[in-house]
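Grab a coffee and open the structure viewer. Let's take a walk through one helix and one sheet.

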Amino acid sequence: MAQITVTTTFLTAFYGLLLGMPEVSDACTSFAVFSNSVYYGMNFDFADLPMKFVIATNGNIRTFHLAFERTFGDMSFFVNTAGMNDKGLFAACQELHPGNLHPRTKTEADLFTFELYDAITGCASVEEIETLCRRRPLVDMPGITLHNLFADTRGRAIVTEVGENKTVVVEKTGNFMVMTNFPIGSMADKAYFEAQGKGSDRYVICHEYLDRYASHFNVENGLELLSKCLNPDPQYPTACSMVFDPQNRNVYIVLERNFSKIWKLAMENNQIETWRGFKKDLKISIPIGDQGLLVSNLLPHS
């Protein structure tokens with residue numbers, strides 16, 4: 001089977017490959033917390049398909065991505081869904097429900113939502129993302145509707161969603177922000193427990209946990225919160241849970257819901273290692289570039 005890593009140009013040209021594909025994610029949860037330190041988190045919930053960890057460079061910016069495989073005929077490609085760069089800018093790209101059945105036609109001035117996610121490879125702050133949104137409005141792809149959460153170490157977090165000929169930008173209030181799978185723009189002037197739609201239960205769980213712990217949050221809290229937001233659906237179970245520590249440029253990773261074993265990925269030395277719960281110590285280097293490291297190489301040790 002031919003295999004390539006997805007790029008913006010490729011997906012724009014072949015967005016039709018995504019249509020009618022049965023492997024769609026009905027879950028995913030992400031958050032950003034600003035307290036004594038800054039932490040981000042993401043549960044990636046998906047069908048049983050290959051994933052890989054990618055570390056890419058663009059000028060003086062190094063970016064970590066979780067990517068997952070899509071297939072069409074005898075061709076396969078990987079799509080980035082969550083990541084952080086070494087400037088501390090985080091992004092998560094998740095499905096949004098209900099989907100937009102009749103998106104407007106994309107022009108050269110517009111961006112698909114997944115294209116905005118890719119801006120973390122060249123931006124250092126949420127402010128730069130907002131500037132890009134003002135210049136190039138978001139537009140939905142036919143057949144799949146998405147939204148993004150962005151956060152940085154300067155205390156900013158936003159969710160970006162497609163609006164009428166402009167991007168809807170929802171700003172963080174308080175010291176944390178949460179995104180699941182319903183429109184975050186619908187929460188204007190509403191209390192968190194009034195959330196309705198896909199993922200509203202996980203949204204409420206996150207808010208109630210973070211209301212209690214955000215003021216003294218740490219990696220352990222991030223792992224505990226992600227464990228409370230696991231997707232039990234056997235068709236789209238939580239495949240990868242990640243807590244991001246932007247100050248130290250580390251990512252703490254749980255595979256296939258096994259929170260007794262934690263991996264740590266260090267962006268500074270492009271290495272992933274056993275961190276807790278393993279019988280043997282193991283360190284694996286991740287090649288820089290599109291090749292990345294397949295998660296299947298780690299599963300025998302998990």
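Below we look at a helix and its two sides, then at a sheet and the helices lying on it. Keep in mind that this is a predicted model.

Start with helix α3, which covers residues 126-135. Its buried residues are Val 126, Ile 129, Glu 130 and Cys 133. Looking down the axis of α3, you'd see these buried residues fall within an arc of 100°, so they line one face of the helix. There's a neat general reason: an α-helix has 3.6 residues a turn, so residues three or four places apart point the same way. On the other side of α3, you'll find Glu 127, Arg 134 and Arg 135 exposed. And what do the buried residues of α3 pack against? They pack against α2 (113-117), β10 (146-151), β11 (157-162) and β12 (167-171).

Now for the sheet. It's an open one with eight strands, in the order β13-β2-β3-β14-β15-β16-β17-β18, and the pairing is antiparallel. The edges belong to β13 (176-179) and β18 (283-285); each has a single partner strand, so one side of each is left without a neighbour in the sheet. On average, neighbouring strands here are turned by 20° against each other, direction ignored.

Zoom in on β15 (residues 250-255) and β16 (residues 262-266): they run antiparallel and are joined by four bridges. Asn 250, for instance, has Ala 266 in β16 as its bridge partner.

Two helices pack on this sheet:

| Helix | Strands touched | Angle between directions |
|---|---|---|
| α4 (residues 200-213) | β2 (29-34) and β13 | about 165° with β13 |
| α5 (residues 219-228) | β2, β3 (38-45), β14 (238-245), β15, β16 and β17 (271-276) | about 155° with β14 |

Terms used: Residues numbered from 1 in each chain as written. Predicted model: local features only at pLDDT ≥ 70, side-chain atom pairs only at ≥ 80, totals over all residues. Heavy atoms only, no water. Buried < 20%, exposed > 50% of the residue type's maximum accessible area, 1.4 Å probe, protein only. Helix = DSSP H or I, 4+ residues; strand = E, 2+ residues; numbered from the N terminus. Arc of directions from axis to C-beta. Contact = heavy atoms within 4.5 Å. Pairing = 2+ DSSP bridges. Axes fitted to C-alpha atoms, helices over the stretch in contact; angles between N-to-C directions.
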